[in-house]
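These are my notebook entries on one protein model, written down in the order in which I looked things up. I went to the aromatic rings before anything else, and then to the strands, the chain as a whole and a few backbone details.

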Amino acid sequence: MKRLWVMLIGFVATLAFARDPLAIEARTYRVVQVQQDGKTVERLEEALGVKPGEVLEFWYELSNTTIDPLRGVAVTVDLVKIGGLRPDGSRVLAYLPATASVLKLGEFTLTPEFSYDGGRTYGKAPLFRKVKQLEGGKEIEKEVEVRPEEYTHIRWVIPQLGPNSKVLLKLRVVVR
């Protein structure tokens, strides 16, 4: 019997070390406007099929499953991959400005970063890109603001996620 007990303890230890130190639970909700006591309020419903014009809220709950802090945790949401493309190449989902959650973790304030070029570069909103235009017969380079609906990726970089702690990241998109 003692031999079986040792094998069982070894099996449990193997399972504990085989887990991913960062667990992510993703949820998607449809944001609906309802009348309540003469006021319009928002309600979140399970998103089981959506139509153009509807607003979705994505929740990503991150959990550090270890007893040690995790450092440099980067969470990237690829809106093109999640929503896909239509046959004409247009994107299905468009980011709604100022809806990606800003986090406070102890002394840190974490502001999301955005990309409009498929995740090659990131920056804080608003983003700008350089374009070439003809003005007065000359080609000039101008800097123009990238519209939030053109963002392809959203990323949060968390310097440290404490032991056995959780963080909830949220953002909203509109279905085109």
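**Entry: aromatic rings**

The model is a predicted one, and my search of the whole structure for aromatic pairs returned 5 of them. I looked up the pair of Tyr-95 and Phe-114, where the ring centres lie 5.2 Å apart and the planes stand at 45 degrees, so I entered this pair as tilted. The two residues come from distant parts of the chain, since Tyr-95 belongs to strand 5 (residues 93-95) and Phe-114 to strand 8 (residues 113-115), with their positions 19 residues apart in the numbering.

I then asked whether these two residues are buried or exposed. Tyr-95 has a relative accessibility of 3% and therefore counts as buried, the cut-off for that being under 20%. Phe-114, at 4% relative accessibility, counts as buried too.

Next I took the rings of Tyr-95 and Tyr-151, whose centres are 5.9 Å apart and whose planes meet at 20 degrees; planes under 30 degrees apart count as stacked, so this pair is stacked. Here again distant parts of the chain are linked, because Tyr-95 sits in strand 5 while Tyr-151 sits in the loop between strand 10 (138-145) and strand 11 (153-161), 56 residues apart. I noted that Tyr-151 is buried, as Tyr-95 is. Put together, the ring pairs join Tyr-95, Phe-114 and Tyr-151 into a cluster.

I also recorded a charge over a ring: the charged end of Arg-155 sits over the ring of Tyr-122, at 3.9 Å from the ring centre.

**Entry: strands 9 and 10**

Which way do strand 9 and strand 10 run relative to each other, and how many bridges join them? I found that strand 9 (residues 128-135) and strand 10 are antiparallel and are joined by 8 bridges. As one position to check by eye, I noted Leu-134, which has Glu-139 in strand 10 as its bridge partner. The two strands form a hairpin with 2 residues between them, and in the turn Gly-136 has a positive phi of about 60 degrees.

I then looked at how covered strand 10 is, and found that the number of buried residues among its 8 is 0, so this strand lies largely in the open.

**Entry: the sheet of 5 strands**

I traced an open sheet of 5 strands in the order 2-1-3-12-5, with antiparallel pairing. Its edges are strand 2 (39-46) and strand 5, each of which pairs on one side only. Ignoring direction, I have neighbouring strands of this sheet turned by 35 degrees against each other on average.

Within the sheet I looked up strand 3 (residues 55-64) and strand 12 (residues 166-175), which pair in the antiparallel sense over 9 bridges. Tyr-60 stands opposite Leu-169 of strand 12. For my own reference I wrote beside this that strands of a sheet pair through backbone hydrogen bonds, either parallel or antiparallel.

Strand 5 appears twice in these notes, as an edge of this sheet and as the strand that holds Tyr-95.

**Entry: the chain as a whole**

I counted 2 helices and 12 strands in the protein chain, and along the sequence they follow the pattern α-β-β-β-β-α-β-β-β-β-β-β-β-β. Of the 176 residues, 30% are buried. Among contacts with a separation of 6 or more, 67% are between residues 24 or more positions apart. The chain exposes about 11600 Å², of which carbon and sulfur atoms supply 56%.

**Entry: backbone details**

Where is the cis peptide bond that I noted? The bond runs from Ala-125 to Pro-126, with omega near 0 degrees, and Pro-126 is placed in the loop between strand 8 and strand 9.

I looked up two residues with positive phi that are not glycine. Ala-98 has a phi of about 60 degrees and is placed in the loop between strand 5 and strand 6 (103-105); its relative accessibility is 78%, so I entered Ala-98 as exposed. Asn-164 has a phi near 50 degrees and is found in the loop between strand 11 and strand 12. At 54% relative accessibility, Asn-164 also counts as exposed, the cut-off being over 50%.

Terms used: Residues are numbered from 1 along each chain as its sequence is written. This is a predicted model: local features need pLDDT of at least 70, side-chain atom pairs count only at pLDDT 80 or more; totals for chains, interfaces and linings use all residues. Side-chain values use heavy atoms; hydrogens and water are left out. Rings of Phe, Tyr and Trp (its six-membered ring) pair if their centres lie within 6.5 Å; planes under 30 degrees apart count as stacked, over 60 as edge-to-face and the rest as tilted. Helices (H or I, at least four residues) and strands (E, at least two) are DSSP runs, numbered from the N terminus. Buried means under 20% relative accessible area, exposed over 50%, partly exposed in between (1.4 Å probe, protein chains only). A charge sits over a ring if NZ of Lys or CZ of Arg is within 6 Å of the ring centre and within 35 degrees of the ring normal. Two strands pair if DSSP finds at least two bridges between them. Axes are lines fitted to C-alpha atoms, for helices over the stretch in contact, and angles run from 0 to 180 degrees between N-to-C directions. Contact means heavy atoms within 4.5 Å. Accessible areas come from the Shrake-Rupley method with a 1.4 Å probe; for residues, only the protein chains shown count as cover.
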